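Me: Please take a close look at one part of this predicted model, and set it in the context of the chain.

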Amino acid sequence: MSQSEAQTEPEMNAAPSPALPLPLPPSALVTSSEMGAVAVPGASVPAKLSQGQLEHLADLYRQMYLIRRLEEEAARAYAQGKIGGFLHLYIGQEAVAVGSIAALRPDDYVVTTYRDHGVALTKGMSAKALMAELFGKATGCSKGLGGSMHLFDKATNMLGGYGIVGGHIPLASGVAFASKYRADGRVTLCYFGEGAVSIGGFHEGVSLAALWKLPIVFICENNEYSMGTPLSRTMSVEDVSLKAIGYGIDRDRFFVEDVLTVEARIGEAVKRARELSLPTLVEVRTYRFRGHSMSDPAKYRTNEELEERKQKDPLFRARLQLAKEGFGEARLKSMDDDVEREVQEAITFADESPEPDASLLESTTYDGPFAA
Ligand SMILES: Cc1ncc(C[n+]2csc(CCOP(=O)(O)OP(=O)(O)O)c2C)c(N)n1
Ligand SMILES: [Mg+2]
């Protein structure tokens, strides 16, 4: 991470925000069709949900709410000095991880950036292992040595958390290459911000995935800012998905307002990867409600812009849809209470867990057995 991210004042945690009013504007699907190699989404989301779809939405809502509450508590713990280093929150973007991973099988892989809590949790990492990792404790997913930016969980095929912008994209192509070589039928999802698209690693990774027809979906989470720099000051085109054309791969592009839409649209790309072994670049337009990291007061954007985007919060949209379609307030509250319990248990677990023992240093550095 750059020195400019040096920690200053930590952002104080706010209580969970109240539900915001709908209706929302219709999802703006802006995939252009005149420039070739465009993924035409075959799936659409029904206006009125069946009981089965409603239960599924409830499950996705629960996952999104877990990310939000866990991160709100992580922000509080950071302000209390219990978490050191950097902490990049995913608040506002939860529907991307939850919707896309809903389209996967458990044996599929995910690879992502430092903004990795949502992807790790959704792929199945326990809230306890995640929170303990943030606290730098021995019970964390990486024994407390990786921290927020380097979550990793072999058991759930969450292959990291990486701090070098764009550096993980060729790694993800390598994972997809391994799947193709072994013919294991697995798909890799690779997440990155729009800031990574101008980095060499993006082009190297996408180029090889296209050439070798790898089973991978590149998901650009375009939250409009790279640290404090807006997209308009880093790229010559506003449509990130256009980058797919140069590599002759399929592409898609949409605004994230509805988690079910994310599942359906990413699901199309996952199907293409699994059945045809073809890569896709998907640009999802999203927004982070907090600063880049805890040290960022986000003065480069206006309150009006932030409030407008909060009106389109996919988490609250899902909650309101559930309520509107007959999911009783009592059931919603009981789901929220379950999440609350899970988060509190994770905090207690992290608090009470031991620090890593100094003996770990030897086995995890080049002075130890790995040096041989
Ligand atoms: C190669 C490299 N250059 C610069 C940085 C410093 N840096 C950390 S995050 C970031 C912004 C990335 O923005 P984006 O890719 O849009 O992801 P977001 O943080 O918005 O999720 C930068 C420049 C870095 N980590 N790695
Ligand atoms: Mg960004």
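Where is Asn 157 found, relative to the helices and strands?

Reply: In this predicted model, Asn 157 is found in the loop between helix 4 and strand 2, the latter spanning residues 158-162. The backbone there deserves attention, since Asn 157 has a positive phi of about 60° although it is not a glycine. As a general background, most residues other than glycine have a negative phi. Asn 157 counts as partly exposed because 19 other C-beta atoms lie within 10 Å, whereas 20 or more would be needed for a residue to be called buried.

The element before this loop, helix 4, covers residues 127-134 and is mostly covered, with eight of its eight residues buried; among them are Lys 128 and Glu 133, alongside Leu 130, Met 131 and Leu 134. These buried residues pack against helix 1 (51-79), helix 3 (117-123) and helix 10 (329-352). Helix 4 is followed by Gly 136, whose phi is also positive, near 70°, but Gly 136 is a glycine, while Asn 157 is not.

Another non-glycine residue with a positive phi is Ala 298, with a value near 55°, and Ala 298 lies in the loop between strand 8 (280-285) and helix 8 (303-310). Ala 298 is partly exposed because 17 other C-beta atoms lie within 10 Å.

As for the wider setting, the protein chain comprises eleven helices and eight strands, and 46% of its 372 residues count as buried. Of the contacts in the chain with a separation of 6 or more, 77% are between residues 24 or more positions apart.

Key. Residues are numbered from 1 along each chain as its sequence is written. Chains are lettered from A and ligands numbered from 1 in the order in which they are written. This is a predicted model: local features need pLDDT of at least 70, side-chain atom pairs count only at pLDDT 80 or more; totals for chains, interfaces and linings use all residues. Helices (H or I, at least four residues) and strands (E, at least two) are DSSP runs, numbered from the N terminus. A residue is buried if 20 or more other C-beta atoms lie within 10 Å of its own, exposed if 12 or fewer, and partly exposed in between; C-beta atoms are placed from the backbone. Two residues are in contact if their C-beta atoms, placed from the backbone, lie within 7 Å.
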